[in-house]
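Me: I've got a structure on the screen and I'd like to know what stands behind the labels people put on it. Can we go through a few?

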Amino acid sequence: MPSGSSSSTPDFGDADFGDPAFREAFLTLHRGLPRQSPGSDATTRHLLSLCGPLPERPRVLDLGCGPGRSALLLAAEAGAEVTAVDLYEGFLDELREAAEARGLGDRVHAVNADMGALTCEDGSFDLVWAEGSAYIVGFDRALASWKRLLAPGGALVVTECEWTVEEPSAGARAFWDPQYPLRSTARNLAAVQVAGYRVSGVHHQPDSDWAEYYGPLGERVREELDVRERHGHEYGYTGYVLRPVTAGDGGAWPARPETAADVPGVREVNLAAFETPLEADLVDALRADVSWLPGLSYVAERPDGSPAAHALLTRCKVSGAPALALAPVAADPAVHRSGAGSAVVRALLADARGRGESLVLVLGHPAYYARFGFVPASRFGIRAPFEVPDEAMMALVLDDTVPIPAGTIAYPAPFGV
């Protein structure tokens, strides 16, 4: 086992933990605190629930564990064998003492190690857990370097501080940009796709998670507390539960928003995929319609960059409430059963989720769309404006905090219904 990382906080951004003066300042600030980043036991439990079924005694790597609040919960409630990594021996001593006191000494193994230079074997863990610590190595580097540690079916659970508004204020940027440039959920979801993961769950952490962090921190960080009070609505932590994509998920197919150069290729894919030109003509008509949403027409690309598959989301409504229509979805017959169609749909849905969309509707084959989480729309009282088998009209809820409208779908005019 390697030498693991220091615990996390948003205070210092991309900092040099090898600098003794910086390290001492960090530790002085956080010594004796229950958490080194915004979080809560409730958030840890919720992220754990998003992981789905686990082995009887899951192997967990907790990176930047600090005094081990998450490690202790995972050992106690998930029955996990936890390897908890941190650079500061003082935090690890606190964790060892707490684990022994709770009868978890045989399940929690505190290791002084550097999470940016892990040497453990590939496929060693069922869960790699990083609440608030990925920023130390950077979100993109964390996604890339930690994936190899996951056993087949394993998940990476990581939380990241993000902008929660489209245009952050100058005051918020003045604080964050020099320390750790934040990104939106949509941009981080795009990074997740590029890094080769599929999203099993997304959790926007509540404001109370910041209170659990700042409350004990108190006057130690007056400036950051002031920024949070004035600009806290503009940024927050989001938790991601991620699994590496496999060939069946379309892992071999990079997916991205279409560009102007892709338009002829998208038409060719739709012409090749369907018996008539109706779907290809529909895509062209939708581009000129008010329902068109820039950035929500996606392609899976071949090695030469040309489109191999295409999927499109446009604005529709249910009883006046906004929703998205997924149509058409097309793949060149030459790449059928290669995962290209799955890749482009997954990437497109992840982008929509990151933009804050709450509901997607599709008319299609139930067995195919169920793999993305779609269920019959009739469960929500949603129906098509024409006769269709109940199981073929499907809905996917992207955000279950938004009320789901019931009623008849109003498609964009180019659909002709």
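Me: Let's start with D332. Why is D332 called buried?

Reply: Keep in mind that this is a predicted model. D332 has 18% relative accessibility, and buried means under 20%, so D332 counts as buried.

Me: And what makes its contact with R302 a salt bridge?

Reply: The side chains of R302 and D332 meet at 2.7 Å, N to O. The cut-off is within 4 Å, so the pair is a salt bridge. R302 sits in the loop between strand 10 and strand 11, while D332 is in the loop between strand 12 and helix 12, so the pair ties together parts 30 residues apart in sequence.

Me: What is R302 called, then, buried or partly exposed?

Reply: Partly exposed, because its relative accessible area is 23% and the class covers what lies between under 20% and over 50%.

Me: How do you know that R256 and E301 form a salt bridge?

Reply: Their closest N and O atoms are 2.6 Å apart. Set that against the limit of within 4 Å, and the pair qualifies as a salt bridge. This one links distant parts of the chain, with R256 in strand 9 and E301 in strand 10, 45 residues apart. As for accessibility, R256 is at 22% and partly exposed; E301 also has 22% and is partly exposed.

Me: What about E89 and R96, why is that a salt bridge?

Reply: The N to O distance between their side chains is 2.7 Å, and the rule asks for within 4 Å, so the name fits. E89 is partly exposed at 33%, and R96 is partly exposed at 32%.

Me: How many salt bridges does the rule give?

Reply: The count comes to 18. Some share partners: E258, R267, D281, D284 and R287 are joined that way into one network.

Me: On to rings. What makes Y135 and Y180 an edge-to-face pair?

Reply: Two values decide, because a pair of aromatic rings is described by the distance of the centres and the angle of the planes. For Y135 and Y180 these are 5.7 Å and 85°. The centres have to lie within 6.5 Å, and planes over 60 degrees apart count as edge-to-face, so the label holds for this pair. Y135 is in the loop between strand 4 and helix 5, and Y180 in the loop between helix 6 and strand 6, so parts 45 residues apart in sequence are tied together. Y135 is buried at 3%, and Y180 is buried at 10%.

Me: And why is the pair of W163 and Y235 called edge-to-face?

Reply: Their planes are 80° apart and their centres 6.5 Å apart. Over 60 degrees is edge-to-face, and within 6.5 Å is a pair, so W163 and Y235 pass. W163 lies in strand 5 and Y235 in strand 8, 72 residues apart. Both W163 and Y235 are buried, and together with F175 and W176 they form one aromatic cluster. A search of the whole structure finds twelve aromatic pairs.

Me: What makes K147 sit over a ring?

Reply: K147 lies over the face of Y197, at 5.4 Å from the ring centre. The distance limit is within 6 Å.

Me: Last one: why is A170 called exposed?

Reply: A170 has 64% relative accessibility, and exposed means over 50%, so A170 counts as exposed. A170 is in helix 6. Its C-alpha is 9.9 Å from that of H231, with the two positions 61 residues apart in sequence numbering.

Key
Residues are numbered from 1 along each chain as its sequence is written. This is a predicted model: local features need pLDDT of at least 70, side-chain atom pairs count only at pLDDT 80 or more; totals for chains, interfaces and linings use all residues. Side-chain values use heavy atoms; hydrogens and water are left out. Helices (H or I, at least four residues) and strands (E, at least two) are DSSP runs, numbered from the N terminus. Buried means under 20% relative accessible area, exposed over 50%, partly exposed in between (1.4 Å probe, protein chains only). Rings of Phe, Tyr and Trp (its six-membered ring) pair if their centres lie within 6.5 Å; planes under 30 degrees apart count as stacked, over 60 as edge-to-face and the rest as tilted. A charge sits over a ring if NZ of Lys or CZ of Arg is within 6 Å of the ring centre and within 35 degrees of the ring normal.
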